[in-house]
Amino acid sequence: MYFQHNPYDDVWGAMHWGHATSEDLLVWEEHDIAIYPDSLGTIFSGNAVVDLNNTSGFGQNIPPIVAMYTNHHHEGAEAGRIDYQTQKSIAYSLDQGFTFTKYENNPAIPNPRIQDFRDPKVTWFGVQNKWVMSLVVGQVIYFYTSSDLKSWQYLSSFGQGIGNHNGVWECPDLIQLPVDGTNQSKWVLLVSINLGGLNGGSATQYFVGDSDDSEFTVGSIFSVKMGKYHDFWIDYGKDNYAGETYSNIETQNGRKILQGWISNWQYANMVPTTTWRSAMTRPREISLKIVNGVHRIVSQFISSIKQYSQPILYIPKSKSPVQFPRTEHPMYSTAEVKFNALANSDFKSTFSNALGDTLVFGYDHEINSFYN
């Protein structure tokens, strides 16, 4: 995992790329900083891929890991320049992703004098032996293609007048997801949006393609008909933002693994912590399910989380309070709970700690909805 990291403070600032590794995506070991700022600016969002076929030519006996990211020039932003974000810069690793060498011709795509020009997400499109990049440009997504990860050609754009535009668009991700219960898959575009969330602040919307167009012309995949799906959100919570799917991996059933940032820009810099601030969400598997004739994203925690979960708790049909067992183990923060007879019942759960903080959530059967 590579992530935005400020080694000098516990608030947003001089962003580097931090680095951590895991064997199960749950227990992580943090390593030295992977990518440092340079004359082009600090290191913002992006992604890394394993270039299995060495299309980039960076490889030497082993497939290189190639990182693509936004450089953000703080002095340029403060001076009022428009082109203070450049796309996209490249760095490659020949030691399993621990150290990176920056491409000598950075940036690969210079800023065309657009203020918000950032967050590349690159994926391999094997049918045509090419790479496809999604990139935020203002409040639309630009698509580019490349055969070598270094030279990029503009393909098309998507998003004008479609979906939620109440905030800044960020961190796109173009993926194919299986449709549960079928042998089909659909193209899905994830777009994080800051200040436009249904419950305030940061959230992630998504768009499902009208076809599984294997030729990838984008225009035929995402049509203006998508405008009616402006209420498609990954979830309704406030602390799952800027999520990306892992490159070069999918689960046995073809699902992608998504992991995001636990915070919200309404209060990200104000959370009362010391030493460090913010964390990553638990990884989840995502796929599509047809609900009332419409393709919607569904998600569940990855299967390996069960080894860190408490036993299933069965809550009987009772009006009396039920006490959850307390755990001191930092990893045992997940419990699977099954409630019976919810069709005609409400329930309310309260979690608390020794400081008196509480989290309340429940289910209202009259409106068939969960709340917190």
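**Close-up views of salt bridges and a buried strand**

**Figure 1. A salt-bridge network connects Arg118, Asp119 and Glu170.** The three residues shown in this view, Arg118, Asp119 and Glu170, are linked to one another in a network of salt bridges. The model is predicted, and a search of the whole structure returns 10 salt bridges. Side chains of opposite charge can pair when their charged atoms come close.

**Figure 2. Overall composition of the chain, given as context for the close-ups.** The secondary structure of the chain consists of 1 helix and 24 strands. The chain has 372 residues, of which 45% count as buried. Among contacts in the chain with a separation of 6 or more, 52% are accounted for by residues 24 or more positions apart. The accessible surface of the chain comes to about 19500 Å², and carbon and sulfur atoms contribute 50% of that area.

**Figure 3. Asp10 and Arg277 form a salt bridge.** The closest N and O atoms of Asp10 and Arg277 are 3.2 Å apart. Asp10 lies in the loop between β1 (2-5) and β2 (16-22), whereas Arg277 lies in the loop between β16 and β17, so the pair ties together parts that are 267 residues apart in sequence. Asp10 has a relative accessibility of 23% and therefore counts as partly exposed. Arg277, with a relative accessible area of 18%, is buried, because the cut-off for a buried residue is under 20%.

**Figure 4. Surroundings of Arg277 in the loop between β16 (256-262) and β17 (279-280).** The side chain of Arg277 makes polar contacts with two backbone oxygens: that of Asp10 at 2.7 Å and that of Val271 at 2.6 Å. With residues up to four places away in sequence left out, Arg277 touches Asp10, Val11, Ala268, Asn269, Met270 and Val271. Asp10 thus appears both as the salt-bridge partner of Arg277 and as the residue whose backbone oxygen the Arg277 side chain reaches.

**Figure 5. Asp180 and Arg255 form a salt bridge.** The closest N and O atoms of Asp180 and Arg255 are 3.2 Å apart. This pair links distant parts of the chain, with Asp180 in the loop between β12 (168-178) and β13 and Arg255 in the loop between β15 (241-245) and β16, 75 residues apart. At a relative accessibility of 30%, Asp180 counts as partly exposed. Arg255 is buried, its relative accessible area being 13%.

**Figure 6. The side chains of Lys256 and Glu250 meet in a salt bridge.** The N to O distance in the bridge between Lys256 and Glu250 is 3.8 Å, within the 4 Å cut-off for a salt bridge. Lys256 is buried, with a relative accessible area of 17%. Glu250 is partly exposed, with a relative accessible area of 48%.

**Figure 7. Strand β14 (residues 202-208) is largely enclosed by the rest of the structure.** The enclosure is inferred from burial: 7 of the 7 residues of β14 are buried. Both faces of the strand are covered, with Ser202, Thr204, Tyr206 and Val208 buried on one side and Ala203, Gln205 and Phe207 buried on the other. Strand β13 (residues 185-194) pairs with β14 in the antiparallel sense, over 7 bridges. Within this pairing, Ala203 of β14 is the bridge partner of Ile193.

How values were computed
Residues are numbered from 1 along each chain as its sequence is written. This is a predicted model: local features need pLDDT of at least 70, side-chain atom pairs count only at pLDDT 80 or more; totals for chains, interfaces and linings use all residues. Side-chain values use heavy atoms; hydrogens and water are left out. Buried means under 20% relative accessible area, exposed over 50%, partly exposed in between (1.4 Å probe, protein chains only). Helices (H or I, at least four residues) and strands (E, at least two) are DSSP runs, numbered from the N terminus. Two strands pair if DSSP finds at least two bridges between them. A polar contact is a pair of N or O atoms within 3.5 Å; within protein, one must be able to donate a hydrogen and the other to accept it, and residues adjacent in sequence count only if both atoms are side-chain atoms. Contact means heavy atoms within 4.5 Å. Accessible areas come from the Shrake-Rupley method with a 1.4 Å probe; for residues, only the protein chains shown count as cover.
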